[in-house]
Structure formats: structure tokens, C-alpha cells
Amino acid sequence: MTEKKVVRVAGAQGFWGDWLEAPRRQAEGGPVDYLMLDYLAEVTMSILQKQKERDPSAGYAKDFVGAMESVLSGVAERGIKVIANAGGVNPEACAAAVLEMARAKGAAGKLRVGVVTGDNLLPRIDELLAGGHELKNMDTGEPLSLVRDRVIAANAYIGSVPIVEALTKGANVVITGRSTDTALTMAPLRYEFGWAGDDWDKLAAGIIAGHIIECGAQCSGGNCLYDWRSIENLADIGYPIVEAQADGTFVVTKHPNTGGLVSVQTVSEQLVYEMGDPHSYITPDVVADFTSIHIAPDGKNRVRVHGITGKPATDKLKVSIAYRSGYKAVGSLVYAWPDALEKAQLADRVLRERLDRLGLKFEQVLSEFVGANATHGPLAGPDAGKHAPEVQYRIGVRDADKKKVERFTREIVPLVLNGPPSVTGFAGGRPKTEEIVAYWPALIDKTVVQTKVTVLT
Amino acid sequence: MKVRLLDIAHARSGDKGDTANVGLIALKPEWYAPISKYVTRDRVAAHFTGVITGGVERFELPNLNALNFLLHGALDGGGTLSLKTDAQGKVFSTALLRLVVDIPDAEASTLKLPPAVDIP
């Protein structure tokens with residue numbers, strides 16, 4: 001009997017800010033072929049764009065350089081490959097920083113870094129609008145011209161094709177900008193198994209494998225509600241690994257002797273995370289059908305996934321546009337027993353009356369009472385928080401006028417001496433006024449976006 | 001019989017813009033049938049009255065013993081615009097699990113559904 005080829009893709013980061021230990025643990029805890037590191041959330045690109053405006057050599061997820069250092073011997077000596085969308089709005093600078101790190105660590109020439117570009121549409125926005133691409137907001141239908149002068153980032157979500165191209169050109173590290181989270185897993189499977197661009201079921205299987213591991217340990221026992229007390233050793237949690245076969249079936253597992261849990265329940269919770277219409281999970285490569293997934297236990301900390309079907313991809317790509325959208329500030333105070341909630345509610349009335357007297361009207365004002373209604377609102381019931389030992393009063397405002405928001409930030413701390421009693425928790429002083437960078441989702445014709453792959457050593 | 005979703009299902013939620021999604025998964029495969037029958041779109045919309053400003057969409061995933069709900073207008077604008085503690089809808093999951101549904105006694109006892117306790 002010939003052994004079937006198995007390709008192991010290990011999820012090593014689920015967002016920018018994830019556990020710094022995870023990449024090294026995934027590289028060293030057992031056999032893996034690929035490390036997949038997902039860094040980009042919807043708002044991350046705009047943060048990176050702002051950084052690049054201040055410093056042309058910035059604009060990528062700097063954590064990734066440290067992550068690469070922590071797995072360098074695995075990549076340089078043991079043939080592990082790395083796929084990451086750490087490039088943000090400056091994949092070339094990210095690649096340069098990784099290569100510089102490798103040289104400094106005596107691994108010059110060991111890394112072949114494939115850089116994927118072409119997703120950044122910011123320099124092309126006016127040309128695109130002039131060419132009849134309206135870039136209408138997918139949620140509201142409004143044309144982009146409404147906020148054009150406030151746009152600070154615009155990136156097309158790109159799929160598996162350029163990543164496969166980079167691997168074909170011999171890259172052992174692939175750095176992309178705004179590629180989809182799921183493509184980071186599907187692309188190496190497509191490359192290894194030679195899946196055709198219209199093999200919809202297999203591409204969909206790769207996408208769903210990617211969806212399962214794109215949030216790191218959130219499928220291996222992290223943030224799992226099902227029987228959460230029984231999940232052992234979260235301190236030593238194992239991040240997920242997909243063991244895939246050429247027919248598109250795969251097993252989700254984790255390294256031996258790690259904490260957490262891989263079970264039908266932990267994987268199911270991740271499958272439904274951020275789900276829209278389960279029949280049509282749209283990606284640049286394929287439309288995956290989540291109602292086709294078969295999932296079954298396959299031994300301890302192993303879950304087998306099969307039966308996945310997909311439909312042809314659409315002719316559009318999603319575009320993530322970020323634009324400046326006013327200011328906000330959120331502040332809080334803590335009130336103690338007895339009658340903590342009542343005191344906090346009085347503080348809210350007092351503060352709002354003072355804002356009124358100052359003539360300050362905001363686009364939005366939101367008060368929450370943490371310990372009573374902040375997470376579930378009225379669903380928490382009429383008695384929620386009534387006997388709480390303490391309640392945090394949290395108030396936020398949002399407005400286009402920065403001055404108004406800044407004035408608001410001065411009105412909270414005075415309550416400590418001139419408002420209701422038993423108040424503390426003001427050590428942070430005045431809250432900070434933050435500029436809001438909002439998200440504008442749009443679609444664009446695929447033909448408009450041309451990706452480019454360069455392999456650097 | 002009154003049955004609370006917390007006792008028969010688990011859940012995870014996330015966000016997409018100003019919409020929160022809640023995936024609701026039966027604790028036991030045989031409990032998917034009553035969940036899909038009694039946890040209707042209207043029932044969930046009524047549950048979230050005063051909490052969300054938009055409508056509710058409902059999808060079935062019998063293969064995962066799960067339902068998926070989209071709660072529109074749930075996140076005070078969503079993403080970076082939101083002033084809410086739960087700006088990304090992470091804990092709408094357990095808010096849905098507070099829902100109590102009425103299930104005929106015969107059906108509930110055949111399926112050994114646990115009765116809700118301390119619910120008026």
C-alpha cells in the first residue's frame with residue numbers, strides 16, 4: 001500500500017497581537033510543512049497605512065520579523081515554509097526586514113522570500129473612479145465619491161493564485177498584503193496537490209480548512225463555550241494544524257503534549273464564527289458551501305472534515321477601503337457598594353446635564369454600566385447589577401468635531417469630587433480622543449487587479 | 001415546558017460591519033430538531049427587541065446541528081465607529097442563550113430536554 005501524501009499546515013497567528021510563543025511552538029512541537037500566520041483584520045490596513053505615512057519603511061506587521069526569527073532554524077534547516085499576510089501596505093519593506101534579520105542571524109541565503117503585491121489600490125482610486133468603477137458601499141449602496149477626500153487605504157482582497165505562483169518560483173517564505181485569511185491555508189494545499197483553478201470542491205475544502213485555523217487557537221479550545229471547564233491546560237494551549245490530503249479531506253489536530261482541545265464542538269464553534277449566508281462563503285477563488293461540511297471525531301484531539309462542495313468564483317473582488325470618519329472618546333469611573341449601580345446612574349445624569357448646559361450635542365453618546373448591562377443590555381433583566389459590589393460607569397461620545405470630543409474628555413474626572421460618592425478607578429486620568437478610521441466595503445471587477453510576485457534572497 | 005437555550009445549545013458570535021452573527025449549535029445531535037423548530041426568526045427578533053435596531057436573518061446548517069443568525073444594527077455602527085464595550089459582537093452568543101422557548105411537554109420529555117429553572 002502506498003502512503004497517501006499528507007500536507008500539514010499549522011495556524012501560528014490568528015490576528016496581529018496573537019500569542020508570540022505560537023509560531024515557535026508550532027514549528028518545534030511536531031511535524032509541519034507550512035506555518036500560516038494571519039495578521040490582518042478589517043481595520044489593520046488603515047493603521048498600517050497611517051504608520052507608512054509617518055515612516056515610508058513601516059506599514060507592515062512588525063511582529064512578523066520576530067516570529068520569523070523564532071522559527072528561523074525550522075525554515076532554514078528543516079524545510080518548513082511560511083505563508084503570512086504580514087506585508088500590510090508595505091510587503092517589500094516587510095520582506096527586507098525579514099531578510100535583514102536572517103542575515104544578522106547567520107542565515108543569509110537560506111530564505112527565499114516571495115513578495116506578493118498589487119492589492120494596494122490607493123494610488124489608483126481616482127483612475128478607477130474615472131473609469132466607471134463606483135466602489136459603492138456594499139452595505140449602504142452609497143458611492144465612494146461621498147468620502148473620497150477622506151480615504152486613507154484601499155486594498156483588494158486577493159486569493160490563492162499569487163501565493164501559489166510564489167511557491168512555484170521557489171519561495172520558502174511568502175509575504176502578502178491584503179490576501180484573504182483563508183487563501184493563506186488554501187494556497188499551499190493547492191500548490192502541493194496541484195488542484196486546478198476550477199476544481200471547486202477541493203478549493204472550497206482548502207478555504208474551509210483555512211477558515212477553521214485562521215483564528216489560531218479559537219478552534220483548539222480557546223474561547224470555546226462548550227463544556228469550557230473541562231478544557232485542560234489552556235496555559236499550554238496547542239494551536240491548530242490541518243493535515244490535508246489530495247482529495248480535499250482533512251483532519252484538524254494539534255501537536256501532542258499541548259493543552260486545549262480539538263473536538264467536533266471546538267471546531268464547530270469556529271466554523272460558525274463570523275458566518276454570513278452559509279450556502280455562499282464568497283472568496284476570490286471559489287464560493288464555498290458550509291452546509292456541505294461533514295465533521296466527525298477521528299481519535300483524541302483529531303476531527304475529520306470531508307464532503308465539502310464549492311461553486312464557481314464570482315468575477316468580483318472585495319475591496320477594503322478605510323476612511324477618516326470623525327472622532328471618539330470613551331471614559332469610565334468605578335462606583336462601589338452600597339447602591340453602586342444607582343450611584344453610577346446618577347453620575348450619568350449629572351454628566352449628561354453638564355454636557356447639555358455646555359451646549360455640546362454629539363452624533364452619538366452611549367452610556368453603559370459594566371456589571372449590569374454592558375454586554376447583554378436589557379436582556380440581563382430588571383434586577384441586573386442591583387446588588388453588585390461595584391459597577392463601572394462607561395460613557396463614550398462620537399462626533400465629526402474634534403474640539404467637542406476633547407471638551408467631553410474634561411468632564412468625566414471632575415465627577416470624582418463633585419458627583420455621587422464611593423467613586424474610584426480614575427487613575428488613567430482623562431480619556432484620549434481618538435480619530436475614527438471607518439471601513440467601507442466595496443466590490444471591483446477582478447480584471448482590474450493585477451498581482452505581482454517577486455522572489456528575493 | 002420552558003427550555004432555556006443555554007441548557008440545550010452552545011454558541012459563538014462575531015461581527016461583519018454593524019451586523020453580529022450568532023451561530024447556535026445543539027449540545028446533542030437529537031436536540032437540533034427542536035431547536036430548528038422552535039428557535040424561529042421571529043422568536044429571535046422578539047428576544048433582541050430594544051437591543052438591535054435592524055432585522056434578523058436565519059440560516060440552517062443541519063450538517064453541523066446549527067443555526068446561524070444575522071442580527072442587523074447590533075453594534076452601534078460596528079467596527080471602529082462603535083462606542084460599545086462589545087463593539088465586535090463577541091458576546092451576543094450568550095445573550096441568545098438566555099432565550100427561553102416553550103416546547104410541548106411530550107416532545108420535551110421524549111428528547112430528555114432539561115427544563116428551565118428559576119425562569120418566571
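Two residues are taken to be in contact if their C-beta atoms, placed from the backbone, lie within 7 Å, and I begin there because contacts in that sense run through most of this talk. What you see above is a predicted model, in which local features need pLDDT of at least 70 and side-chain atom pairs count only at pLDDT 80 or more, whereas totals for chains, interfaces and linings use all residues. Residues are numbered from 1 along each chain as its sequence is written, while chains are lettered from A and ligands numbered from 1 in the order in which they are written.

Let me start with chain A as a whole. Chain A holds 13 helices and 19 strands, these being DSSP runs numbered from the N terminus, with helices (H or I) of at least four residues and strands (E) of at least two. Its radius of gyration, taken over C-alpha atoms, is 25 Å, which agrees with the value near 23 Å for a compact globule of 457 residues, the globule rule being 2.2 Å times the number of residues to the power 0.38. An automatic or database assignment divides the chain into domain 1 (7–119 + 157–314) and domain 2 (322–437), and the centres of these two domains of chain A, over C-alpha atoms, are separated by 39 Å.

Within chain A there is an open sheet of 10 strands, with mixed pairing and the order S11-S12-S8-S7-S1-S2-S3-S6-S4-S19, where two strands pair if DSSP finds at least two bridges between them. Its edge strands are S11 (294–297) and S19 (452–456) of chain A, each of which pairs on one side only. S19(A) runs antiparallel to strand S4 (residues 113–117) of chain A, to which five bridges join it, and one residue of S4(A), Val115(A), has Thr454(A) as its bridge partner in S19(A).

Val115(A) also leads us to Gly87(A), since the two are listed as a contact; what else does Gly87(A) touch, leaving aside its neighbours within four places in sequence? The other partners are Tyr60(A), Cys94(A), Ile175(A), Thr176(A) and Gly177(A). Gly87(A) lies in the loop between strand S3 (81–84) and helix H5 (91–104) of chain A, and it counts as buried because it has 29 C-beta neighbours inside 10 Å; the cut-offs are 20 or more other C-beta atoms within 10 Å for buried, 12 or fewer for exposed, and partly exposed in between, with C-beta atoms placed from the backbone.

Turning now to the interface, the contact takes 41 residues from chain A and 31 residues from chain B. On the chain B side, the largest share, six residues, comes from S2(B). The residues of that side divide into 12 nonpolar, 12 polar and seven charged, with Ala, Val, Leu, Ile, Met, Phe, Trp, Tyr, Cys and Pro counted as nonpolar, Asp, Glu, Lys and Arg as charged, and the others, Gly among them, as polar.

S2(B) belongs to an open sheet of four strands in chain B, with antiparallel pairing and the order S2-S3-S5-S4. S2 and S4 of chain B stand at the edges with a single partner strand each, so one side of each has no neighbour in the sheet. Helix H10 of chain A packs on this sheet, touching S2, S3 and S5 of chain B, and its direction makes about 30° with that of S2(B), where axes are lines fitted to C-alpha atoms, for helices over the stretch in contact, and angles run from 0 to 180 degrees between N-to-C directions. H10(A), residues 264–271, is mostly covered, with eight of its eight residues buried.
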